[in-house]
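Hello,

Here is the structure for your files. My notes on what turned up in it follow below.

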Amino acid sequence: GPSAFGGQAQGLAGDALHPIALGNVYSFARLLATHPDPAMRRIRIVGIGGVTSAAAAARMRAAGASVVGCATLLGREGVRAFEILAGHP
């Protein structure tokens, strides 16, 4: 559909984005964990991208995310998304 910048919105979202997002979370988590500055090691990561199930949320946390976002799932399921992520489908 049209984007705020004109033309058509393009890009990955939802399940297709999940493997890429996991890799990014994992990479950032490892870089931050080994940073020489203690303040950098305290930064928390929000895992966003393809979190559409409890298993996907668990993978994000295992990769290093402290919390997860669920835009696609929330848009599709409404507040029931939180029950799904908690493992109560």
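**Helix α3 and its neighbours**

The buried residues of α3 pack against four elements: α1 (18-33), β1 (46-47), β2 (67-68) and α5 (80-85). Please keep in mind throughout that this is a predicted model.

The helix α3 itself covers residues 54-63, and its buried residues are A56, A57, M60 and A63. Viewed down the axis of α3, these buried residues lie within an arc of 125 degrees, so they line one face of the helix. The spacing fits a general rule: an α-helix has 3.6 residues a turn, so residues three or four places apart point the same way. After α3 comes G64, which has a positive phi, near 130 degrees.

**The chain as a whole**

The protein chain contains 5 helices and 2 strands. Read from the N terminus, the order of elements is α-α-β-α-β-α-α. The chain has 89 residues, and 27% of them count as buried.

Contacts along the chain were also sorted by separation in sequence. Taking those between residues at least 6 apart, 41% join residues at least 24 apart. The accessible surface of the protein chain is about 5,800 Å², and carbon and sulfur atoms account for 62% of that area.

**Salt bridge**

How many salt bridges does the structure hold? The count is 1. The side chains involved are those of E77 and R80, with an N to O distance of 3.5 Å. E77 is partly exposed, at a relative accessible area of 29%. R80 is also partly exposed, and its relative accessible area is 35%. Both values fall between the 20% limit for buried and the 50% limit for exposed, so each residue is put in the middle class.

**Nonpolar surface patch**

Which residues form a nonpolar patch on the surface? They are V46, I48 and V67, and together they have about 270 Å² of accessible area. V46 sits in strand β1, and β1 is one of the elements that the buried residues of α3 pack against. V46 has a relative accessibility of 47% and counts as partly exposed, because exposed would require over 50%.

**For a first look**

If you open the model in a viewer, the places described here are the buried face of α3, with A56, A57, M60 and A63, the salt bridge between E77 and R80, and the patch of V46, I48 and V67.

Regards

Definitions and conventions. Residues numbered from 1 in each chain as written. Predicted model: local features only at pLDDT ≥ 70, side-chain atom pairs only at ≥ 80, totals over all residues. Heavy atoms only, no water. Buried < 20%, exposed > 50% of the residue type's maximum accessible area, 1.4 Å probe, protein only. Arc of directions from axis to C-beta. Contact = heavy atoms within 4.5 Å. Salt bridge = Lys/Arg side-chain N within 4 Å of Asp/Glu carboxyl O. Patch = residues over 30% accessible without salt bridge, like charges linked within 9 Å, V, L, I, M, F, W, Y side chains within 5 Å. Areas by Shrake-Rupley, 256 points an atom, 1.4 Å probe, with all protein chains shown as cover.
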